[in-house]
Amino acid sequence: MKLSHVFVVASVVLGWGASGRADGPGGAGLPRSAPEAQGVSSSGVLRFVEKADATIDGMHSFMLVRHGKVVAEGWWSPYDAETRHQLYSLSKSFTSTAVGLAIAEGKLKVSDPVLKFFPDDAPEKPSDQLKSMRVSDLLRMSTGHQTEPPRSEGEVWTKVFLGHPVPFKPGTHFLYNTSATYMLSAIVQKQVGETVLDYLRPRLFEPLGIVDPSWGTSPQGVSLGGYGLNVRTEDIAKFGQLYLQKGKWNGKQIVPENWVAAATARQTSNGSNPRSDWDQGYGYQFWRARHGAYRGDGAFGQYCIVMPKQDAVVAITSGVKNMQAVLDVVWDELLPALKSETLPADEAAASKLAEKLKGLTLRPQEGAAAPGSSVQVLGKTYRFPDNGRKLEAVALERAGDGPTSLVIRTNGVDQKFACTPGAWTKGRLTLAGISRLEPAVQAGQPVAASAAWTADDVYSARIAYVQTPFVVTLNLKFDGDAVRLTTESNVAFGPTKQPELVGEAE
């Protein structure tokens with residue numbers, strides 16, 4: 001097989017900086033400080049990091065900002081400070097900001113009827129419930145829908161939304177509704193003449209030093225609104241700090257203070273469980289949280305947590321199934337580390353914290369570099385019958401005493417994983433059809449791989465899509481002239497496992 005793609009090793013810089021200002025990737029960074037100087041216990045932060053590392057398999061990054069200064073930050077290798085991360089529904093809070101800015105510029109009002117903006121997409125006979133739906137109902141997820149309107153490639157999303165049944169009176173029924181956020185994005189674009197991404201560039205991203213944000217669009221060219229925004233961990237922290245400062249940045253009011261107050265207040269009741277951070281009320285595309293906090297959050301654990309009482313912000317990216325577990329560790333371990341006064345310097349504890357942060361890593365694939373002596377598979381090519389995943393063949397190679405490399409042919413393209421057991425190796429990869437992930441994840445994104453023999457006849461490879469929450473594990477079990485391939489992702493919006501494929505040696 002032709003080897004057209006080889007991974008190369010890349011270094012990752014981890015840890016928190018010394019006092020002073022840091023320059024982020026391409027933009028001005030937040031100031032840095034020792035934890036104790038900002039009333040933060042290094043020992044307490046260390047307990048948070050150790051517990052998160054031990055109990056949550058899927059942490060990607062975190063950053064703690066206290067009194068406007070970064071006091072602790074870390075990335076679990078192969079994730080790093082320079083790489084943007086998919087925010088999923090944390091994008092909603094940025095869309096809310098665009099709405100607030102457009103309102104301040106006189107482009108729309110929260111009391112405006114939704115139908116007002118899309119007369120050509122309205123049903124022939126709109127219901128009274130639809131007629132009464134306002135921008136405020138979109139903002140607080142109280143549109144009156146019983147089910148979320150779908151968003152499919154072949155349709156006009158605004159038209160589908162307006163044609164969807166509205167059985168409840170808008171404003172009376174909470175339903176988390178990503179299509180409602182898309183409508184907000186579409187309304188802003190309609191009123192200002194550009195996408196939410198472009199609208200926010202000079203008004204939000206550039207003032208905060210958020211460089212090269214990207215945001216997916218609908219078939220109609222509208223920023224997705226409810227998801228699709230990609231920024232870095234520090235960018236999330238900056239956004240939270242802006243809201244903590246009531247919309248002011250470097251002495252300038254860039255988001256109206258009254259919008260910050262309204263967006264982060266409880267606008268809708270959504271539950272009563274005192275132990276759930278999803279039952280504390282909902283604002284304008286922000287969640288209320290326990291301990292007097294509020295947050296933007298996205299699927300699989302993307303967080304911007306703002307704690308006004310503690311004058312603190314926590315930014316987290318991750319790939320987890322249990323999102324509440326991440327917040328529980330924040331409340332149980334990190335919150336108590338925030339003290340009301342400056343603390344004496346604790347160089348020993350700060351040093352331990354810095355060392356821990358520098359050594360963080362997502363669990364790589366452990367195992368042997370070579371198969372068992374009775375397994376004769378190296379150098380063979382195993383072909384699969386035609387399948388919808390476009391996986392054509394696999395082969396294993398090994399040079400000398402080095403690790404085994406996996407070569408995969410998908411859709412006519414050969415790609416090679418040259419990686420070491422127990423470590424991550426970075427590169428770029430296209431694996432269309434290998435896993436049940438969204439198409440954007442499969443299209444040649446940066447990845448990191450770790451692979452090893454986990455049994456004499458089983459070769460396992462973990463592939464981390466480092467701009468996303470997703471890590472895919474491929475298992476190849478060899479049996480004579482046959483190989484059985486199974487794949488599983490750590491998280492997904494549907495099944496995490498793919499059906500087994502069986503290949504035969506040429």
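These are my notebook entries on a predicted model of a single chain.

**Entry 1: the whole chain**

I began with the overall make-up and counted 12 helices and 23 strands in the chain. The radius of gyration came out at 24 Å, close to the 23 Å that the globule rule gives for 506 residues, so I noted the chain as being as compact as a globular protein of that length. Along its principal axes, the C-alpha trace spans about 70 × 70 × 40 Å. I then looked up burial and found that buried residues account for 57% of the 506. For contacts between residues at least 6 apart in sequence, I noted that 62% join residues at least 24 apart.

**Entry 2: the open sheet**

I next traced an open sheet of 10 strands, paired antiparallel. Its strand order reads 17-16-15-14-23-22-21-20-19-18. At the edges I found strand 17 (413–417) and strand 18 (425–429), each of which pairs on one side only. Ignoring direction, neighbouring strands in this sheet are turned by 30° against each other on average.

**Entry 3: strand 19 and its partners**

I went on to strand 19, residues 445–455. Edge strand 18 is joined to strand 19 by 5 bridges, and the two run antiparallel. With strand 20 (residues 458–465), strand 19 pairs in the antiparallel sense over 8 bridges. Strands 19 and 20 form a hairpin, and 2 residues lie between them.

I looked up individual bridge partners as well. A449 of strand 19 is the partner of T425, and A449 also has I463 in strand 20 as a bridge partner. W453 is bridged to Y459 in strand 20. Is strand 19 enclosed or open to the outside? I found 9 of its 11 residues buried, so strand 19 is largely enclosed by the rest of the structure.

**Entry 4: helix 10**

I checked helix 10 (residues 323–334) for its length: its 12 residues reach 16 Å from first C-alpha to last, close to the 16 Å expected at 1.5 Å a residue. At the start of this helix, a side-chain oxygen of N322 comes to within 3.2 Å of the backbone nitrogen of Q324.

Of the 12 residues in helix 10, 9 are buried, so I entered helix 10 as largely enclosed by the rest of the structure. The buried residues include M323, W331, E333 and L334. What covers them? I found that the cover includes helix 1 (42–55), strand 3 (59–66), strand 11 (294–298), strand 12 (302–307) and strand 13 (312–318).

**Entry 5: two threonines**

I looked up T97 and placed it in helix 2 (residues 91–104). Its relative accessible area is 0%, so I entered T97 as buried. Beyond its neighbours within four places in sequence, T97 is in contact with L204, F239, Y243, V255 and W259.

I found T143 in the loop between helix 4 (135–139) and helix 5 (157–163). Is T143 buried or exposed? T143 is buried, because its relative accessible area of 1% falls under the 20% cut-off. I noted two polar contacts from its side chain: one with the side chain of H145 at 2.8 Å, and one with the side chain of N177 at 3.4 Å. N177 also appears among the contacts of T143 outside its neighbours within four places in sequence, together with M133, D137, L138, F161, V166, P170, H173 and A180.

Definitions and conventions:
Residues numbered from 1 in each chain as written. Predicted model: local features only at pLDDT ≥ 70, side-chain atom pairs only at ≥ 80, totals over all residues. Heavy atoms only, no water. Pairing = 2+ DSSP bridges. Helix = DSSP H or I, 4+ residues; strand = E, 2+ residues; numbered from the N terminus. Axes fitted to C-alpha atoms, helices over the stretch in contact; angles between N-to-C directions. Buried < 20%, exposed > 50% of the residue type's maximum accessible area, 1.4 Å probe, protein only. Polar contact = N/O pair within 3.5 Å; in protein donor to acceptor, adjacent residues only side chain to side chain. Contact = heavy atoms within 4.5 Å. Expected span 1.5 Å × (residues − 1). Rg over C-alpha atoms; globule rule 2.2 N^0.38 Å.
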